[in-house]
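Work through the exercises below with the sequence and the structure at hand, and try each task before reading its solution.

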Amino acid sequence: MIQKTKKSVLLSLAVATTVSMVGNTQAFAFGEYTQEDGTKKLNSGLIATQDYKTWYDTKWNQQQTGEMDSGKVVLTPGKNEKSLNFAWYSKEKGNPQIRISENQDMSQAKIFTGTVKQIEKNNLFNTYTASNKVVVENYLEENKMYYYQYSIDGQNWSEAKKYQTHSFSDYQAILVGDPQIGASGSNGQGTKEDTDIAVNTYAWNKTLNSALGENGIAKNASFILSAGDQIDYSDANNYAVREQEYAGYLYPEVLRNVPVSTTIGNHESKGDDYSYHYNNPNSSKLGATESGGDYYYSYGDALYIVLNSNNRNVEEHRHLMAQAVKSHEDAKWKIVMFHHDIYGSGSPHSDVDGANLRILFAPLMDEFNIDMCLTGHDHSYARTYQILDGKVIETEGVGEGVSNAVNPEGTLYIAAGSATGSKFYTLNTTKQYYLAERSNTPVPTFSTLDVSSNELTLKTYDYEGNKYANDVSIRKTDGATSIIEEKDAVKKMDLSVMTSGSKMRIQDALKNVDVILDTRDDRDAVNELTNKYNTDEDPVNYYGYAQNGYGGELNSQALKKGYSTLLDKTLYENNTNAPVSADALTNAYANLTYAQKEVVTTTEFTELENQFVDAEKALMTAIVGNKKGEYKKETVDAFKKTLENLKGQADEAKITKSELTQLSTKLADERNKFAQSANEKDSEVRPEQQQKPNVSHTPNTNVSNNGTSAKPSNLVKTGDDEPIGLFGVTGITALAIAWFLKRRNK
């Protein structure tokens, strides 16, 4: 296990220029399509083309390909960049194997054996009895061409397919949203003549070819990120329709060569077929529905965490995310993908189920300091500003146009559009305060995600290869830490071992962060949504819509105002949710790091107190006189005054670590200086001193001028036999003990 090293703190954050916030205005910018017939126009246009007719007649509507085959092999990312996972259906149950070679003739191939699961699935054309899964683990090297085949008996192997690896440190991925094969309508649904599956499959294939084909924009992409709703038919009682749609989703030939990382959408969550079609790495029962649960993997410097947002058990998702983060503690990028767009802009989802689920999932993004959150569900593109605790964080370089952020605070949320055009929604009438850019122009889209050690760049295109949205990038410099990382580190500090001043600085710094972010306690809402999940008392239904009397008056499907403090802030206070200025955040960050750096422990302060006690003892035992080892009166007086001044600076309720260190050093220097100022030898005795034989300079025989006994030797002696010093031994000791006990009792 690689131990995580503490990153150095950058006290100077990029100071933001003022960002143009749209917030509550009703704006219709370029790309904002206000009509609701986008899908019909797209699909009717596609069907009318000769290219579609030729494809349908010669490829899709043949007995050996297309919708007839739901068992095509699908590649998924392995647990790391050196691994690769495989899954496929077979008509018979056997012993699944993958063999992989660097040679096209499959010579010197290495064989990997997997597992098989008995199933009963059909698509009205074929029946499948086995789900096969194989993992190629820690075998692949970067920038190499491989060839693979699969088999269930070790004798009959599939046709050899290519698999090209690319750089493991600087690479590209593809993001797609909601292919939702079959969602365009119900023409022939449940029969062998479902034309909606065909047209959606055609568009899906065209999108992937535009991205990954021979002349594709991202032909060297390492894998695909698919943000849920790969299929449309949500009723698990009719698996034949679902398997026809899976056949459409798995149809593109590029999926034989490029892995796809999928998340579970609301339309596929209820069936178990998702879990059979994909072989997800580090798959978990945490966050599971019938279709499967959360999973994660790493690729180069990035950690990818994929959540099943149909499951509303926050603690399960938190546990999985903690596992994932621990598996790759040095990851420079943390990217999360789930289906529901909690910060989207499409109607009807963004202000309904997307907003309801925001209560649960947005705090997780903050807690784990997620850089980018990829979602779907809205069938429209949306990009947020940097969001932290429901607040827009003004960031230099981030705006409605091209955005380039350096060491930004918060999370960037992306809602992908539709990769097939199987369904489009209109945009929310009011552009939400958190949005930098949105578009629902009715054309299939995809995005490219370039990943390197210090930069993420997202670019979005339509399926013709035209730019569809502005580019956005995030860059990190070495040693940068976020305000959440600093806050978490400070919160973990043990207040019981600190001075009262240090404790106060810590508490004030933490409170300041909460004030500028308008942090509110939302535990009641989160706990109720978690604890009542999937029960008769659940505040929301399967689709995330409010139920059981929890809906609002104006929007019965959104949880009512006052139910969740985060929802109030991000939905009901959309018009007044002002951004956090860069200056405010910079100051809060500086206060956190200052409070953490300047902590004084009670032990350290006690050591300083002991230094003063020792220094005062040295003063009390000093003798004023002319003999060797004795001191001049002015020297003793000066040291006394210095101690009084330094002790006045030792205020337990205010002193910082830097001040304590300086004070301790100064005290030690002054004590050494005083010790070195003692007489180095006896001075000559003046004649008048020889005429006073009764005056003794020895510690215990001194007699005062009036003939009475002087104070005992624990008093500092002067040349005139008068006591000086700070206190007598008894007095100073009593005061020191009382002062010490008082401090300890605080």
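**Exercise 1.** In this predicted model, find the strand that pairs with strand S10 (residues 223-226), and state the sense of the pairing.

Solution. Starting from S10, one finds that S11 pairs with this strand in the parallel sense, over three bridges. As a check on the register, Leu225 stands opposite Ser261 in S11. Turning next to what lies against the sheet, helix H3 (residues 195-212) touches strand S9 (171-176), S10, strand S21 (445-451) and strand S22 (455-462), and the direction of H3 makes about 30° with that of S21.

**Exercise 2.** Place these strands in their sheet and name the edge strands.

Solution. The sheet is open and consists of seven strands with mixed pairing, in the order S11-S10-S9-S21-S22-S23-S18. Reading this order from its two ends gives the edge strands, S11 (260-262) and S18 (403-406), each of which pairs on one side only.

**Exercise 3.** Decide how much of helix H4 (residues 239-250) is covered.

Solution. The helix has 12 residues and spans 16 Å from its first C-alpha to its last, close to the 16 Å expected. Of these 12 residues, 11 are buried, so that H4 counts as mostly covered, with buried meaning under 20% relative accessible area. Among the buried residues are Arg242, Glu243 and Tyr246.

**Exercise 4.** Describe how helix H14 (residues 633-648) and helix H15 (residues 657-676) are arranged.

Solution. Their axes come within 11 Å and cross at roughly 170°. Because angles over 145 degrees count as roughly antiparallel, H14 is roughly antiparallel to H15. The contact includes Phe639 and Leu643 of H14 and Leu667 and Phe674 of H15, and its residues divide into seven nonpolar, two polar and three charged.

Terms used: Residues numbered from 1 in each chain as written. Predicted model: local features only at pLDDT ≥ 70, side-chain atom pairs only at ≥ 80, totals over all residues. Heavy atoms only, no water. Pairing = 2+ DSSP bridges. Helix = DSSP H or I, 4+ residues; strand = E, 2+ residues; numbered from the N terminus. Contact = heavy atoms within 4.5 Å. Axes fitted to C-alpha atoms, helices over the stretch in contact; angles between N-to-C directions. Expected span 1.5 Å × (residues − 1). Buried < 20%, exposed > 50% of the residue type's maximum accessible area, 1.4 Å probe, protein only. Parallel < 35°, antiparallel > 145°, perpendicular 65-115°, else oblique. Nonpolar A, V, L, I, M, F, W, Y, C, P; charged D, E, K, R; others polar.
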